[in-house]
Amino acid sequence: MEKQTCLYDRHVALGALMSPFGGFIMPIQYTNITDEHNAVRQHCGVFDVSHMGEVRITGPDAERYVQHIFTNDVAGAPIGQIYYGMMLYPNGGTVDDLLVYKMGENDFFLVINAANIDKDVAWMKGHTEGFDIKLDHQSDQYGQLAVQGPEAEAVVEEVLGIPCSELKFYTAKTLSNSPLKGEDSCKEASPLRGGLEGSVIVSRTGYTGEDGFEIYGSHEFTQKCWDKLIESGRCKPCGLGCRDTLRFEVGLPLYGDELSADISPVMAGLSMFCKLDKPEFIGKEALVEQKANGVAQKLVGIELADKAIPRHGYPVLNMEGEQVGEVTTGYHCLSVDKSVCMALVKSEYAKLDTPLSVQIRKKVFEGKVVKKKFYDKHYKK
């Protein structure tokens, strides 16, 4: 049976189309995907992402443990810095992609994908031997909102009273939870620390290609923030349907499509988030071998000449009609009015401008290899 987030009743009251996703019943759209997509690109939208998982790692060996399980390098990271990367199996396949927040000395906050929560937590617990840490699975305690779009900063500051303009891209801070007591503004907690006792976490990452903020707090705090945002009329409620179209057209991967136990970061073109100069991490040896000797398949972008929409799993063909790969994600790209997809293809077909076709049901549509970023990101850096 699917779980519900703390905002479930509000989604239903707004008439959202609800559907199972990652073990939760989630809003897919409220009005329609195109309107919600355009709201984020042009103004501001809010997403309920309370289904995401959160794990806290503390203790004397917290940094050493995170270095062991995580591909990116957090050694000596400044407090408040956020890192994107992966957890890998020894063969280089991907357990999950995730964000790691440096919350304090030997204090890390890991944000993982909803569909992988149980698997990820079990995997993390299975690799704690020899590390003096506390692993605290906090997913059920947190609600999370993502406020995204070019007007996001103004909306978060003016509607929620949360100061965020000084946050740089991929940084976070902890705030006192004062809006629960009235209309007072949030004030920064010092020193930066996490937990739910009277504090919230605000970060600036975004999964849409636009400027955006993530707000983590208690269920009650999340409900209050949602209500204020919706009542303001300045922030459109958005479902996971447009979250996928937004992330896809700026080339951001989705676990289960562009990353999986069978798809390594090297295959997915994400090697920049795997620091092979680190002394060690699980899966490092496999990635070193893949970088040295190449991989059989690579993730590419494909632009079709026609308006047909490629979908996950559709065959990708070479000019001789032989299948050389398959689509991972495909859409009619709303922001540039083109039919495009990401696809995993044999490496010899991964070069830019290579002619490839996609079979959509019984018809074949011609296309060519292009960059996976179909639309330019507009992050504030």
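The following paragraphs describe two sheets, the helices beside them, one helix pair and the confidence of a predicted model.

In this predicted model, local features need pLDDT of at least 70 and side-chain atom pairs count only at pLDDT 80 or more, while totals for chains, interfaces and linings use all residues. Residues are numbered from 1 along each chain as its sequence is written, and side-chain values use heavy atoms, with hydrogens and water left out.

Helices (H or I, at least four residues) and strands (E, at least two) are DSSP runs numbered from the N terminus; two strands pair if DSSP finds at least two bridges between them. One open sheet consists of five strands in the order 5-6-7-4-8, with antiparallel pairing. Strand 5 (82-88) and strand 8 (134-137) are at its edges and have a single partner strand each, so one side of each is left without a neighbour in the sheet. On average, neighbouring strands are turned by 25° against each other, direction ignored; axes here are lines fitted to C-alpha atoms, for helices over the stretch in contact, and angles run from 0 to 180 degrees between N-to-C directions. Strand 4 (residues 53-58) pairs with strand 8 over four bridges in the antiparallel sense, and Thr58 has Lys134 of strand 8 as its bridge partner. Helix 3 (residues 62-69) packs on this sheet, and its direction makes about 30° with that of strand 7 (107-112). Helix 4 (residues 117-125) also packs on the sheet, at about 145° to strand 7. Strand 4 and strand 8 are among the strands that helix 4 touches, where contact means heavy atoms within 4.5 Å.

A second open sheet has six strands in the order 10-11-12-9-3-13, and its pairing is mixed. Strand 10 (172-176) and strand 13 (236-238) form the edges, each with a single partner strand, so one side of each is left without a neighbour in the sheet. Strand 11 (residues 199-203) and strand 12 (residues 212-217) run antiparallel and are joined by three bridges; Ser203 has Glu214 of strand 12 as its bridge partner. Helix 6 (residues 219-232) lies across several strands, including strand 9 (143-148), to which it runs at about 30°.

Helix 2 (residues 33-42) and helix 7 (residues 240-249) have axes that come within 8 Å and cross at roughly 55°. Their contact includes Ile33 and Val40 of helix 2, and Cys242 and Leu246 of helix 7.

The chain averages a pLDDT of 93, this being the predictor's confidence in each residue, from 0 to 100. Over residues 180-185 the pLDDT is below 50, as it is over residues 189-197. Where pLDDT is low, the predicted coordinates should not be read in detail.
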